[in-house]
Amino acid sequence: MRRTFGCVISAAVLAVLPFTTANAAETTQREPYGIGLEGFAYPYPVSMLPLVNDGEQVRMAYMDVAPAQPNGRVVVLLHGRNFPASYWAPVVRTLNEAGYRVVVPDQIGFGKSSKPSADLHFDTLARNTVALLDHLQIAKADIVAHSLGGMLGVRIARAYPDRIGHLLLVAPIGLEDYRLYVPPTPTEKILENEDKLTAEGYRKQLETNYSLKLPPDQVTPFIEARFNIKGSSEYPRWLRAFVSSAQLIYREPVVHEIPLITQPTLFIMGADDHNAPGKPNAPEALRPKMGQNAELAKALAARMPDARAEIIPNTGHLVFLEAPLKFNELMLAFLSK
């Protein structure tokens with residue numbers, strides 16, 4: 001896996017927070033990245049789209065990758081919370097080889113895009129994504145969305161149904177309303193917990209939460225990206241933004257909208273993916289009920305007018321990296337219909 005498959009999470013910036021670094025020796029040994037991922041390479045040229053969100057000037061980073069032999073179709077890839085747009089590189093290549101133009105944004109608050117001072121909202125992110133399509137003069141596109149990107153993909157499909165052809169949800173979160181299990185958690189408490197996290201602790205967190213099937217050396221770039229940011233002078237701002245994105249997932253569920261989607265929809269789920277944001281904060285008796293994602297996807301697909309769920313065995317949350325051959329087969333067959 002290329003180093004560009006880093007794991008970086010950025011979101012709306014609320015304020016600059018003083019903090020104490022949990023492992024100063026560890027961070028000083030790393031070459032710091034900026035909180036806009038300055039110093040972190042992406043696999044294709046990155047452009048910036050100026051936008052205004054809540055009265056604030058921001059810039060949306062994106063890659064626009066043209067195929068050698070175009071088929072006239074466009075796919076937009078929506079990243080997850082813990083990943084910058086760069087981790088889509090293998091999927092971009094697969095789609096390009098099949099003739100698709102591929103647009104890969106970093107949402108505002110994430111990756112190389114601006115970190116705004118206001119809270120993030122799915123409605124705003126959806127508007128930004130459609131503004132990018134307008135800027136690129138793309139009337140209609142298919143969406144392939146992973147994890148948190150799946151929640152955003154649902155909102156785009158609901159708010160702009162005429163702009164979306166196919167909706168492919170790759171191990172999406174938000175298939176349940178986490179508020180029914182997890183009590184509200186103060187932002188300051190989450191900040192404290194995240195600031196204490198070490199690189200090794202983060203590795204274990206990824207492996208546990210995402211049921212990763214990747215070799216350790218393929219997980220290392222995710223760790224490096226996260227903790228190189230920790231060496232930045234703007235890390236307190238990034239930390240506040242990261243925690244804000246967790247609150248976004250909690251306060252804006254989309255599961256109630258999923259059965260209303262009319263576009264052809266495919267869920268591709270890892271059988272072993274039981275990721276459920278906030279699960280450690282739920283009462284112990286409720287935790288086993290959370291994160292039954294494959295079953296949730298099948299139940300939701302059955303309630304939709306044109307949807308189905310495909311479950312890939314022995315696979316966790318990073319489906320397209322852990323089982324690329326099966327994923328590519330399912331993706332290309334679905335998009336071609």
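Helix H7 covers residues 216-229, and its length can be checked with simple arithmetic: at 1.5 Å a residue, its 14 residues should span 20 Å, and the end C-alpha atoms are indeed 20 Å apart, so the two agree. Keep in mind as you look around that this is a predicted model. Many side chains of H7 are tucked away from the surface: Val219, Pro221, Phe222 and Ile223 are buried, and so are Ala225, Arg226, Phe227, Asn228 and Ile229.

Now step back along the chain to helix H6, residues 199-209, where Ala199, Tyr202, Arg203 and Leu206 are buried. Looking down the axis of H6, you will find that these buried residues fall within an arc of 105°, which means that they line one face of the helix. Just after H6 comes serine 211, with a positive phi of about 50°.

Next, visit helix H3, which runs over residues 122-135 and holds asparagine 128. This asparagine has 3% relative accessibility, and because buried means under 20%, asparagine 128 counts as buried. What is asparagine 128 in contact with, once its neighbours within four places in sequence are left aside? The partners are Leu51, Asn53, Met60 and Ile108.

Finally, turn to helix H4, residues 148-159, where you will find alanine 159. With 44% relative accessibility, alanine 159 counts as partly exposed, since that class lies between the 20% and 50% cut-offs. The C-alpha atom of alanine 159 is separated by 8.3 Å from that of aspartate 123, although these two residues are 36 residues apart along the chain.

Terms used: Residues are numbered from 1 along each chain as its sequence is written. This is a predicted model: local features need pLDDT of at least 70, side-chain atom pairs count only at pLDDT 80 or more; totals for chains, interfaces and linings use all residues. Side-chain values use heavy atoms; hydrogens and water are left out. Helices (H or I, at least four residues) and strands (E, at least two) are DSSP runs, numbered from the N terminus. Buried means under 20% relative accessible area, exposed over 50%, partly exposed in between (1.4 Å probe, protein chains only). Contact means heavy atoms within 4.5 Å. The expected span of a helix is 1.5 Å times one less than its number of residues. The arc is that of the directions from the helix axis to the C-beta atoms.
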